[in-house]
Amino acid sequence: MLKWINDELQPMHTTRVSLLQRIASKSDSLAWARFVEIYTPLVHHWISRLGIKDPDQSDLVQEVFLVLLGKISTFRYESGLSFRGWLRTVTLNKCRDLIRRKKRQTEPVLMERLELAEQDETALLTEAEYRRYVVMAAMKIMKKHFSETTWRACWEHVAMGRSAKEVAEELEVSPNSVYLARGRVLNRLRQELAGLWE
């Protein structure tokens, strides 16, 4: 699956308004809801890998999104600066704040994990894991915006690696319809993730 993510979703920058641009304007509540839906599992994953448990974990996720809501308009995609890195930094900072507030017995262990995570980006999530989380969350959301036939044609051809002819026969459409479905779904995914993909 990661191969098609890398092959099919490049380049991720388009001239249309991306999800990142829509949430930066702060006027599109649907875009914000979609953004939260895509990134909540990822932020939960990062926090849980540090050993922080619920209910603190859920509180931290909310705090991260509050920071993002306040500062998203300042983020600009530039070569060398990644949205993933920025989001990761915000998450680590909120975790550090929690540890300082709680002053628990486990603080030294959590602080050590934070320090290691800051030194090694892969301690929280590799690039491949990041892409998988983001794409799978976005695709689940986008699925409802396409007919079942369009969605299955794209999924079977791109993600499952089946030939357009084979998928067309199964879905009782033309091979050209499979290619068109692939183009529609992947273009929509590129638009949604523009600026969020490194």
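This is a short walk through one predicted model, from overall fold to core, rings and charged pairs.

Start with the fold. The protein chain has ten helices and zero strands. Read along the sequence, the pattern is α-α-α-α-α-α-α-α-α-α. The chain has 198 residues, and 43% of them count as buried. Now contacts. Take those in the protein chain with a separation of 6 or more: residues 24 or more positions apart account for 72% of them. Then surface. The protein chain exposes about 10500 Å². Carbon and sulfur atoms supply 51% of that area.

Next, the interior. In soluble globular proteins, nonpolar side chains tend to be buried together. Here, the largest nonpolar core holds 42 residues. Which of its residues touch the most other members? They are F35, Y39 and L87. Several elements give two or more residues to this core: α2 (19-24), α3, α4, α5, α7 (127-143), α8 (148-159) and α10 (175-193). The largest share comes from α3, with nine residues.

Stay with L87 for a moment. Leave out residues up to four places away in sequence. L87 then touches Y39, L42, V43, W46, V64 and L68. So note Y39 in that list: L87 and Y39 are both among the residues that touch the most other core members.

There is also a second, separate core. That one has seven residues, including A164, V167, L171 and V178.Now the rings. How many aromatic pairs does the model contain? The count comes to five. Take W32 and F65 as one of them. Their rings sit 6.2 Å apart, centre to centre, with 85° between the planes. That makes the pair edge-to-face. W32 belongs to helix α3 (residues 29-49), and F65 belongs to helix α4 (residues 56-71). The two are 33 residues apart, and the pair links distant parts of the chain. Both W32 and F65 are buried.

F65 has another ring partner, F35. This pair is edge-to-face too, at 6.1 Å centre to centre and 90° between the planes. Again distant parts of the chain are linked: F35 is in helix α3, F65 is in helix α4, and 30 residues separate them. F35 and F65 are both buried. Step back, and ring pairs link W32, F35, Y39 and F65 into a cluster. Two names in that cluster, F35 and Y39, came up earlier, in the list of residues touching the most other members of the largest core.

On to charge. A search of the whole structure finds six salt bridges. Look at K94. This lysine lies in helix α5 (residues 83-102). Is K94 buried or exposed? K94 has a relative accessible area of 17%, and the cut-off for buried is under 20%, so K94 counts as buried.

What does K94 touch, not counting residues up to four places away in sequence? The list is L60, E63, V64 and V67. E63 in that list is also a salt-bridge partner: the side chains of K94 and E63 meet at 3.7 Å, N to O. The pair joins distant parts of the chain, with K94 in helix α5, E63 in helix α4, and their positions 31 residues apart. V64 is worth a second look. K94 touches V64, and L87 touches V64 as well.

K94 has a salt bridge with D97 too. Here the closest N and O atoms are 3.6 Å apart. Both residues lie in helix α5. They are three residues apart, about one turn of the helix. D97 has 30% relative accessibility, and therefore counts as partly exposed. K94, by contrast, is buried at 17%.

Last stop, E166 and R162. Their side chains meet in a salt bridge at 3.4 Å, N to O. E166 is partly exposed, with a relative accessible area of 38%. R162 is at 18% relative accessibility and counts as buried. Which residues are joined into one network by salt bridges that share partners? They are R152, E156, R162, E166 and E170.

To recap. The fold is ten helices and zero strands. The largest nonpolar core has 42 residues, and α3 gives the largest share. W32, F35, Y39 and F65 form a ring cluster. K94 is buried, and pairs with E63 and with D97.

Notes. Residues numbered from 1 in each chain as written. Predicted model: local features only at pLDDT ≥ 70, side-chain atom pairs only at ≥ 80, totals over all residues. Heavy atoms only, no water. Helix = DSSP H or I, 4+ residues; strand = E, 2+ residues; numbered from the N terminus. Buried < 20%, exposed > 50% of the residue type's maximum accessible area, 1.4 Å probe, protein only. Contact = heavy atoms within 4.5 Å. Phe/Tyr/Trp six-rings, centres within 6.5 Å; stacked < 30°, edge-to-face > 60°. Core = buried A, V, L, I, M, F, W, Y, C linked by side-chain atoms within 4.5 Å. Salt bridge = Lys/Arg side-chain N within 4 Å of Asp/Glu carboxyl O. Areas by Shrake-Rupley, 256 points an atom, 1.4 Å probe, with all protein chains shown as cover.
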